[in-house]
Amino acid sequence: MKKIVISTGGGDAPGLNAVIYAVVHACYRRGWEVYGSRSGYKGLLDMDELVRLDVEDVAEIYSTGGTIIGSTNKGDPFAMPVENLAGEIRFVDVSDKIVSNFKRMCFDCHIAIGGDGSLEIARRFAEKDMPVIGVPKTIDNDLEATDGTFGFDTAVSTATEALDKLHSTAKSHDRVMVVEVMGREAGWIALYSGISGGADAILIPEIPFDMEKVCEKIMDNALHEKDYAIVVVAEGASAAGGETISKGKGEVGRSEVLLGGIGEWVASEIRSRTGKDTRSLVLGHLQRGGSPTTFDRLLAMRFGAAAVRMVEEGSFGHMVALTSSHMSSVPLADAVKSRKMVDLSSDKVLTAREIGICLGD
Ligand code: F6P
């Protein structure tokens, strides 16, 4: 009999519940117990936040968004923000307490589901001899060590659906609609949704853009009797020679800045340079919500089941990965080494160019 503890860390992504579902069922078949640590590592810090997960607790959750055990992106156990009575914030390393609680509960393995930040934390726990297995998650599709992550397909579908809806209003008013999508420093969501949703221009972080080129494309539309345009901008995109626009770190304890604002900047440039009626909108967290697509559910369940097989094999310190459509595993250290960016020579980028989409260069 084994005892597994599972956690979900970082921004939620559609498919998290499907992983939990698969882990609980695969463990149940083996006669193992599963616990959930609420809000990342909170449950391993404070036993009241640990929940037993049985098959009845996960009934039908595979089709739901979010995570039933909660998540956080400001709970790094190696630098946990703690406020004293004077309101001052100190960063405390509580990792030893987590390791000792893990041992006290007689857990055999921790399955950590997360993006690069959470997987880096998992790697550090593996260094402290905690048996850990990582499961990759991110809507941003920016993990180099796996061919895919669940959440991305759902986010792209949501963004594409939004673009489909924007065409009619843009066309009715002869307007330019600028849509800002998520993705951090990678342009995957923008590129995939922009191509599929008939964008006129797609601006991604991997290609610093020239506003003149974007405006030329919009004016060229008019020459071809198309008086409206759809521009998709990744939140991490920036003009050549310009800077990424961010809103700072937001909450205390976040390791990354919050990106956002480039969509409105691009819209105001288009307005002043072309004189066209221009509006911008930020799709934001809509891209993280809702039911996972079939692709994401299946991938999430495959990851969950493969993670349990890895527990059986004792492949600790590794992350489950998708490699050429098969389940594989990579050392956690390799999993967090580098980010996957859009390859500018890939056929998707070539496709965008060949169908006349302006990439701002
Ligand atoms: O990494 C996922 C993601 O949705 C990014 O695309 C986005 O920049 C960030 O998280 C937003 O974070 P938060 O949920 O803290 O606003």
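**A ligand site shared by two domains**

In this predicted model, the shell around the ligand takes at least three residues from each of two domains, namely domain 1 (3-150 + 292-335) and domain 2 (155-288). Those two domains are what the domain assignment gives for the chain. Their centres, taken over C-alpha atoms, are 33 Å apart. As for how they meet, 14 residues of domain 1 touch 15 residues of domain 2.

Now for the site itself. The ligand turns up in the largest pocket. Around the ligand are N73, I139 and D140, then M182, G183 and R184, followed by E235, R254, L258, H285 and R288. Sorted by class, that shell comes out as 5 charged, 3 polar and 3 nonpolar residues.

Several polar contacts can be picked out between ligand oxygens and the protein. With E235, a polar side-chain atom is 2.6 Å from an oxygen atom of the ligand. N73 also uses its side chain, with an N or O atom placed 3.2 Å from a ligand oxygen. G183 does it through the backbone instead: one of its backbone N or O atoms is 3.2 Å from an oxygen atom of the ligand. As for cover, the ligand on its own would expose 400 Å², and the protein buries 84% of that area.

Put together, the picture is of a ligand sitting in the largest pocket, with residues of both domain 1 and domain 2 in its shell and polar contacts that include the side chain of E235, the side chain of N73 and the backbone of G183.

Notes:
Residues are numbered from 1 along each chain as its sequence is written. This is a predicted model: local features need pLDDT of at least 70, side-chain atom pairs count only at pLDDT 80 or more; totals for chains, interfaces and linings use all residues. Side-chain values use heavy atoms; hydrogens and water are left out. A residue is near a molecule or strand if one of its heavy atoms lies within 4 Å of it. A polar contact is a pair of N or O atoms within 3.5 Å; within protein, one must be able to donate a hydrogen and the other to accept it, and residues adjacent in sequence count only if both atoms are side-chain atoms. Accessible areas come from the Shrake-Rupley method with a 1.4 Å probe; for residues, only the protein chains shown count as cover. On a 1 Å grid over the protein atoms alone, a cavity is a set of points where a 1.4 Å probe fits but cannot get out, and a pocket is an open set with protein on both sides within 12 Å along at least five of seven lines; lining residues have an atom within 4 Å of a point. A molecule sits in a cavity or pocket if more than half of its atoms lie within 2 Å of its grid points. Ala, Val, Leu, Ile, Met, Phe, Trp, Tyr, Cys and Pro count as nonpolar, Asp, Glu, Lys and Arg as charged, and the others, Gly among them, as polar. Domain bounds come from an automatic or database domain assignment. Contact means heavy atoms within 4.5 Å.
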